[in-house]
Amino acid sequence: MGVNITTPGPSCHSSHCLNSSSSLSFFTTPTMEKANVMEAKDGTLAVASAFTGYQEAVQDRDHKFLSKAVEEAYKGVECGDGGPFGAVVVHNDEIVVSCHNMVLRDTDPTAHAEVTAIREACKKMNQIELSDCEIYTSCEPCPMCFGAIHLSRIKRLVYGAKAEAAIAIGFDDFIADALRGTGFYQKSHLEIKKADGNEAVIAEQVFEKTKAKFTMY
């Protein structure tokens with residue numbers, strides 16, 4: 001799903017997020033005639049409604065929120081905050097936060113638009129999971145951002161540009177692998193070692209020794 005935006009981005013403001021007052025989503029209407037249920041490769045279900053005008057309404061709604069994410073992408077670059085990426089968290093058809101990439105401003109390689117939006121939304125809603133929320137991103141999320149989306153329990157993701165659009169101008173070429181479940185772009189040169197012996201035992205004991213003191217969220 002993509003959105004073509006040709007107008008320049010909005011003016012730069014001091015705030016990186018604008019606040020306003022991985023499961024199945026069901027949309028019901030009184031006159032829905034039937035629904036086609038399709039099983040995806042990962043075993044999840046998708047419901048496609050045959051109700052006249054239903055998909056058009058969903059597309060209009062998605063376009064509105066995705067356009068806001070694209071605006072944030074422009075804004076982040078104009079402000080010098082980071083790369084051209086934006087993200088919007090939506091709850092009950094209202095924008096909770098609208099954010100952009102903050103890597104340069106915060107000197108933080110993890111301050112991607114999606115991660116920033118999730119952090120700010122959790123703070124604003126005073127909760128550590130966003131299962132009633134959706135996230136709209138200007139570009140296909142990288143593995144880190146997809147992981148954050150998954151961990152926050154966001155129920156729906158809508159993204160605009162494919163990862164190749166970012167790759168084409170020089171961004172890391174592995175970002176497409178997360179959502180697609182592939183290793184096509186993975187070219188990491190990071191050395192990874194699994195500890196063994198006493199080191200591993202000590203690390204594993206942390207879980208056993210703290211399980212009674214820790215409440216799972």
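Trainee: Is Arg61 buried or exposed?

Mentor: In this predicted model, Arg61 has a relative accessibility of 18%, so it counts as buried, the cut-off being under 20%.

Trainee: Which salt bridges does Arg61 make?

Mentor: The side chain of Arg61 meets that of Asp62 in a salt bridge at 3.9 Å, N to O. Arg61 also meets the side chain of Glu134, at 2.5 Å, N to O. The pair of Arg61 and Glu134 joins distant parts of the chain, since Arg61 sits in helix α1 and Glu134 in strand β6, 73 residues apart.

Trainee: And are the acidic partners buried or exposed?

Mentor: Asp62 is buried, as is Arg61. Glu134 is buried because its relative accessible area is 6%, against a limit of 20%.

Trainee: Which residues belong to the wider network?

Mentor: Salt bridges link Arg61, Asp62, Asp93, Glu134 and Arg156 in a network. In general, side chains of opposite charge can pair when their charged atoms come close.

Trainee: How many salt bridges does the structure hold?

Mentor: The structure holds 10 salt bridges. One of them joins the side chains of Arg105 and Asp106, at 3.6 Å, N to O. Arg105 counts as partly exposed, with 42% relative accessibility, and Asp106 is likewise partly exposed, at 37%.

Trainee: Changing topic to aromatics: how many pairs are there?

Mentor: The count comes to two aromatic pairs. In the pair of Phe65 and Tyr136, the ring centres are 5.3 Å apart and the planes stand at 50°, so this pair is tilted. It connects distant parts of the chain: Phe65 lies in helix α1 (residues 54-79) and Tyr136 in strand β6 (residues 133-139), 71 residues apart.

Trainee: Why is that pair called tilted?

Mentor: Planes under 30 degrees apart count as stacked and those over 60 as edge-to-face, so the angle of 50° leaves Phe65 and Tyr136 in the tilted class.

Trainee: Are those two rings buried or exposed?

Mentor: Phe65 is buried, with a relative accessible area of 3%. Tyr136 is also buried, at 0% relative accessibility.

Trainee: What about the rings of Phe85 and Phe171?

Mentor: Their centres are 4.9 Å apart and their planes are at 80°, so the pair is edge-to-face. Phe85 lies in the loop between α1 and β4 (86-91), while Phe171 is in the loop between α5 (163-167) and α6 (177-180), 86 residues apart. Phe85 counts as buried at 14% relative accessibility, whereas Phe171 counts as partly exposed at 30%.

Trainee: Next, the interior. Which residues touch the most other members of the largest nonpolar core?

Mentor: That core has 26 residues, and Val89, Val97, Ile118, Leu130 and Ile135 touch the most other members. At least two residues come from each of β4, β5, α3, β6, α4 (143-151) and α5.

Trainee: Which element gives the most to it?

Mentor: Helix α3 gives the most, with six residues. A second, separate core has eight residues, among them Phe65, Ala69, Val88 and Val90. As a general tendency, nonpolar side chains in soluble globular proteins are buried together.

Trainee: What does α3 look like in more detail?

Mentor: Helix α3 covers residues 113-125, 13 residues in total, and reaches 18 Å from its first C-alpha to its last, close to the 18 Å expected at 1.5 Å a residue. Its buried residues are Ala113, Glu114, Val115, Thr116, Ala117, Ile118, Ala121 and Cys122. Just after α3, Asn126 takes a positive phi of about 55°.

Trainee: Where is Cys99, and how does it relate to Glu120?

Mentor: Cys99 is in strand β5 (residues 94-100) and counts as buried at 0% relative accessibility. Cys99 and Glu120 are 21 residues apart in sequence and 8.6 Å apart in space, C-alpha to C-alpha.

Trainee: On the surface, which residues form a nonpolar patch?

Mentor: Ile128, Phe214, Met216 and Tyr217 form one, with about 540 Å² of accessible area together. Phe214 lies in the segment after α7 (197-210) and counts as partly exposed at 47% relative accessibility.

Trainee: Finally, how many helices and strands are there?

Mentor: The protein has seven helices and seven strands, running β-β-β-α-β-β-α-α-β-α-β-α-α-α from the N terminus on. Of its 217 residues, 33% are buried. The protein exposes about 13,800 Å², with carbon and sulfur atoms supplying 57% of it.

Technical notes: Residues numbered from 1 in each chain as written. Predicted model: local features only at pLDDT ≥ 70, side-chain atom pairs only at ≥ 80, totals over all residues. Heavy atoms only, no water. Helix = DSSP H or I, 4+ residues; strand = E, 2+ residues; numbered from the N terminus. Expected span 1.5 Å × (residues − 1). Buried < 20%, exposed > 50% of the residue type's maximum accessible area, 1.4 Å probe, protein only. Patch = residues over 30% accessible without salt bridge, like charges linked within 9 Å, V, L, I, M, F, W, Y side chains within 5 Å. Areas by Shrake-Rupley, 256 points an atom, 1.4 Å probe, with all protein chains shown as cover. Salt bridge = Lys/Arg side-chain N within 4 Å of Asp/Glu carboxyl O. Phe/Tyr/Trp six-rings, centres within 6.5 Å; stacked < 30°, edge-to-face > 60°. Core = buried A, V, L, I, M, F, W, Y, C linked by side-chain atoms within 4.5 Å.
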